[in-house]
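Please open the model in your viewer with the backbone drawn as a cartoon, and keep a way of selecting residues by number at hand. The tour below goes from the whole chain to its strands, and then to a few single residues.

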Amino acid sequence: AQDRLLNVLQKGGMDFEAFYFAASHPTLGIFVTETWRDRILHLDSELKIISVFDQSGRRGGQLSKVCGLSIRDNTLVVTNFDSHRIHVFELPDPIK
């Protein structure tokens, strides 16, 4: 697979620990979890950070040990281990 590798994101001075789950959208990019820091990073196709969602907590819309991601159309489904919740977030409309 090495000859088909398109890009690699390495820590090198960036503020993240470890990624556990990822989901990609054909036009919006890649969403990855930092499970132990209760946040989701939104990356572009070049693996540059677009935004970070880091609302930690146990209430609706807050993250607590994200243990799964899925994308369908323009919704991001996020499962939380600690709060025993499934969150559904609306993603922005892709720019055409």
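Strands, as the word is used here, are DSSP runs of E with at least two residues, and they are numbered from the N terminus. With that in mind, colour the whole chain of this predicted model by secondary structure, and follow the pattern β-β-β-β-β-β-β along the sequence; the chain has seven strands and zero helices. If you switch on a surface, you are looking at about 6,600 Å² of exposed area, of which carbon and sulfur atoms supply 51%. Of the 96 residues in the chain, 31% count as buried. Among contacts between residues at least 6 apart in sequence, 30% join residues at least 24 apart.

**The four-stranded sheet**

Next, select strands E1 to E4, which form an open sheet in the order E1-E2-E3-E4 with antiparallel pairing. Its edges are E1 (22-25) and E4, each of which pairs on one side only. On average, and with direction ignored, neighbouring strands of this sheet are turned by 20° against each other.

Begin at the E1 edge and add E2 (residues 29-34), which is antiparallel to E1 and joined to it by four bridges. Which residue of E2 stands opposite His25? Select Gly29, and you have that residue.

Then move to the other edge, where E3 (residues 39-43) and E4 (residues 49-53) run antiparallel and are likewise connected by four bridges. Leu43 has Ile49 of E4 as its bridge partner. The two strands make a hairpin with five residues between them, and Leu47 lies in the turn.

**Two residues with positive phi**

Stay on Leu47, in the loop between E3 and E4, and display its backbone: phi is near 65°, a positive value in a residue other than glycine. This deserves a look because most residues other than glycine have a negative phi. Is Leu47 buried or exposed? Its relative accessibility is 15%, so Leu47 counts as buried, the cut-off being under 20%.

Now select Asp38, which sits in the loop between E2 and E3 and also has a positive phi, near 55°. Asp38 counts as buried too, because its relative accessibility is 9%.

**Lys65 and its surroundings**

From Asp38, go on to Lys65, a residue with which Asp38 is in contact. Lys65 is found in the loop between E4 and E5 (66-72), and because its relative accessibility is 17%, this lysine counts as buried. To see what surrounds Lys65, leave aside neighbours within four places in sequence and show Thr35, Trp36, Asp38, Thr79, Asn80, Phe81 and Asp82, which are its contacts.

**Thr75 in strand E6**

The last stop is Thr75, in strand E6 (residues 75-80). With a relative accessible area of 29%, Thr75 is partly exposed, a class that lies between the buried limit of 20% and the exposed limit of 50%. Where does the side chain of Thr75 reach? Draw a distance to the backbone oxygen of Arg72, and you should read 2.8 Å. Apart from residues up to four places away in sequence, Thr75 touches Ser70, Val88, Phe89 and Leu91. Finally, draw a line between the C-alpha atoms of Thr75 and His87, which are twelve residues apart along the chain and separated by 9.9 Å.

Key: Residues are numbered from 1 along each chain as its sequence is written. This is a predicted model: local features need pLDDT of at least 70, side-chain atom pairs count only at pLDDT 80 or more; totals for chains, interfaces and linings use all residues. Side-chain values use heavy atoms; hydrogens and water are left out. Two strands pair if DSSP finds at least two bridges between them. Axes are lines fitted to C-alpha atoms, for helices over the stretch in contact, and angles run from 0 to 180 degrees between N-to-C directions. Buried means under 20% relative accessible area, exposed over 50%, partly exposed in between (1.4 Å probe, protein chains only). Contact means heavy atoms within 4.5 Å. Accessible areas come from the Shrake-Rupley method with a 1.4 Å probe; for residues, only the protein chains shown count as cover. A polar contact is a pair of N or O atoms within 3.5 Å; within protein, one must be able to donate a hydrogen and the other to accept it, and residues adjacent in sequence count only if both atoms are side-chain atoms.
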